[in-house]
Amino acid sequence: MCGIVGYIGYEQAGPFLLDGLEKLEYRGYDSAGVCLNDGNALVVKKSKGKLKVLKDLTEDGRTLKGTVGIGHTRWATHGEPSDVNAHPHLSESGRFAVVHNGIIENYQQLKDYLTSKGIEFRSMTDTEVIAQLIEYYYKGDLIDTVIKVLEKLDGSYALGVISQENPDEIVAVRKESPLIIGLGEKENFIASDVTAILSKTRKIYRLENNEIAILNRDSVKIINTDKDEVKKEIETVNWDINAAEKGGYEHFMFKEIMEQPKAVSDTISPRIKNGRVVLDEIKLTKEQLQNFTKINILACGSAYHVGVVAKYIFEKMLRIPVEVDLASEFRYRDPIINDKVLTVVISQSGETADTKEAMKEAQRRGSHVISIVNVVGSAIAVESNDVIYTWAGPEIAVATTKAYSTQLAVIYLMALYFGDMLGTIVEDEYKALVAELEHLPERIEEILGHKEKVQYLASKYFNTKDVFFIGRNIDYALSLEGSLKLKEISYIHSEAYAAGELKHGTISLIEQGTPVIALATHEELIGKIISNIEEVKTRGAQVMCIACDNHPEIEKIGQTVFIPKSCDMLLPSLAVIPLQLFAYYVASLKGCDIDKPRNLAKSVTVE
């Protein structure tokens, strides 16, 4: 959510800042801006709307003069999207400029105090308070001033600060919102995400909470709020830069859908050795695992839907009760959780604010936390007791696809690993499941090879206003994700229902022509879901089915996309592919902004 980029070096900063902001567009934004020190003053250019507006305004940054600057893409929280509310924000005199990701919770009290001192505010944002506070407290030492200001702030923030007083310096601060430092040759960088700076460097520092970075052209110094120097290990980013580019595809989302066979293979293959699942990342012993009486899963959005699938898998294979919580609600219900509960936290970015805070609450109550994340060194990864990385590579589209699939793959690995440890899976079943898991990437590849069938069905449904998804058991868990994918990128209203609940009220919504997408992959309940399909058909529904290819009879009751038959545990990874493709093709036919859907952000780093 929001994006920060900063540059200090010997080249003109403007073109790089705009290029970096373009790489951060996927995070979601409604306005953009930059501020450069041109040698005489801090010059700000910012605008509401797409980055192209700002690029046109500055001729792709060429009209901006200066070798030190900061830039920002804003996703509105305080104050409507507008030119005035866009970042960067200047102090009243124009001597200090700030970009900020996060939320200042006590900004109104601070604003009231500064207003009482005669300071006039231009914007409705919480961020402007920071710039005004820096000027108000400045007594000649910028670092001392920033530390004093930090003492006044409640909330989360990643900050980039430049000033006329220190024209050859950028100050960066992190608290609960991600920020990295890029290290170059006679140039250095700040950014919310490595994608913004990969064109310049692969060497980075990851700032931790309450660390302050002081960037000059030839050096970077990191201190804490006591001004003690912090020694950091340089991390080398090993992503292929092409992974953050479209590579000839029209949209990142489609590229990432097509990357799923490789992404799932990258997640699974290194962790299967000689026919056994090996999770060297996990420190839990057999004795500790046997001591748990419950597993609690915490996540938001699509990661939550992975958790719902995991509930079915874990309970069946481990025989341990599982509770799945929306992380945004977990802290507020006084949860019953202690050292007898294993907590599994799922987050693509590892920075999701609600999930991070829910994890801390679980840890405060004594729970052991295993996190499933993609971003190495992210806050959740660092703060959890154990972490399993998905190794999905960068995911740029806001609507997740390969992150969801790789998170599911980790769930399978955990189920097999823990089931083997607990003895809840017999050896023959274990070997069969591991063999099936090893074939999962090629089965996903096979489904992608028949994507034209899904494209054809999307052409029949893209003008609809409502779509309903139904399924039973693990199919119901997957239908939640199918519904979310469709609504978030096509803006079509969709809902997912447990098919057995139709007769308890939902079926009243079905009328002539209503599209219903039925998932019919769960072998034990195939007869029951067929009955549910017949129920909606008799009330006029247009039915599209997703079924395993060993049940060709389903094609008689609805237009059907077939997937290869596999064990029940792995079917969500196969059935989700047509659902992702369907959402993508529907949104494409409607002309939607698929990679950057309205009002959404990739990484939700505020509550």
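**Reasoning from values to labels**

Me: Why is arginine 271 called buried?
Reply: Its relative accessible area is 2%, and buried means under 20%, so the label fits. Keep in mind that this is a predicted model.

Me: Where does arginine 271 sit, and which residues does it touch?
Reply: Arginine 271 belongs to the loop between α7 (260-268) and β15 (272-273). Not counting residues up to four places away in sequence, it touches Arg276, Val277, Val278, Leu279, Glu281, Ile388, Tyr389, Trp391 and Leu413.

Me: What makes the pair formed by arginine 271 and threonine 267 a polar contact?
Reply: A polar atom of the arginine 271 side chain lies 3.1 Å from the backbone oxygen of threonine 267. The cut-off for such a pair is 3.5 Å, so 3.1 Å falls within it.

Me: Glutamate 176 or aspartate 334: how do you know which counts as buried and which as exposed?
Reply: Glutamate 176 has 16% relative accessibility, and the limit for buried is under 20%, so glutamate 176 counts as buried. Aspartate 334 is at 57%; exposed means over 50%, so aspartate 334 counts as exposed.

Me: What is notable about phi at glutamate 176 and at aspartate 334?
Reply: Phi is positive at about 65° for glutamate 176, which is not a glycine, and positive at about 50° for aspartate 334, also not a glycine. For context, most residues other than glycine have a negative phi. Glutamate 176 is in the loop between β8 (170-175) and β9 (180-183), while aspartate 334 is in the loop between α10 (327-330) and β19 (341-347).

Me: Is the peptide bond from histidine 87 to proline 88 cis or trans, and how do you know?
Reply: Its omega is near 0°, and the bond is cis. Most peptide bonds are trans. Proline 88 itself is in the loop between β4 and β5 (89-90).

Me: Why are helices α9 and α17 called roughly parallel or roughly antiparallel?
Reply: The axes of α9 (residues 301-318) and α17 (residues 474-490) cross at roughly 170° and come within 8 Å. Angles over 145 count as roughly antiparallel, so that is the term for this pair. By class, their contact has ten nonpolar, three polar and two charged residues. Among them are His305, Val309 and Tyr312 of α9, and Tyr476, Leu480 and Glu481 of α17.

Me: What makes helix α1 mostly covered?
Reply: Eight of the eleven residues in α1 (residues 13-23) are buried, including Phe16, Leu17, Leu21 and Lys23. The buried residues pack against β1 (3-8), β2 (31-37), α2 (51-57), β4 (68-74) and β10 (188-191).

Me: Which residues have the most contacts inside the largest nonpolar core?
Reply: Phe314, Met414, Leu416 and Phe418 do, in a core of 99 residues. Phenylalanine 314 touches, among others, Ile295, Ile297, Ile320, Val322, Ile411 and Met414. A second, separate core has 30 residues, including Ile130, Leu142, Tyr157 and Val171.

Me: How do you know that cysteine 545 is buried?
Reply: Its relative accessible area is 0%, and the limit is under 20%, so cysteine 545 qualifies as buried. Cysteine 545 lies in strand β25 (residues 542-548). Leaving aside neighbours within four places in sequence, its contacts include Ala518, Ile533, Ile554 and Val561.

Technical notes. Residues are numbered from 1 along each chain as its sequence is written. This is a predicted model: local features need pLDDT of at least 70, side-chain atom pairs count only at pLDDT 80 or more; totals for chains, interfaces and linings use all residues. Side-chain values use heavy atoms; hydrogens and water are left out. Axes are lines fitted to C-alpha atoms, for helices over the stretch in contact, and angles run from 0 to 180 degrees between N-to-C directions. Helices (H or I, at least four residues) and strands (E, at least two) are DSSP runs, numbered from the N terminus. Angles under 35 degrees count as roughly parallel, over 145 as roughly antiparallel, 65 to 115 as roughly perpendicular and the rest as oblique. Contact means heavy atoms within 4.5 Å. Ala, Val, Leu, Ile, Met, Phe, Trp, Tyr, Cys and Pro count as nonpolar, Asp, Glu, Lys and Arg as charged, and the others, Gly among them, as polar. A nonpolar core is a set of buried Ala, Val, Leu, Ile, Met, Phe, Trp, Tyr and Cys residues joined through side-chain atoms within 4.5 Å. Buried means under 20% relative accessible area, exposed over 50%, partly exposed in between (1.4 Å probe, protein chains only). A polar contact is a pair of N or O atoms within 3.5 Å; within protein, one must be able to donate a hydrogen and the other to accept it, and residues adjacent in sequence count only if both atoms are side-chain atoms.
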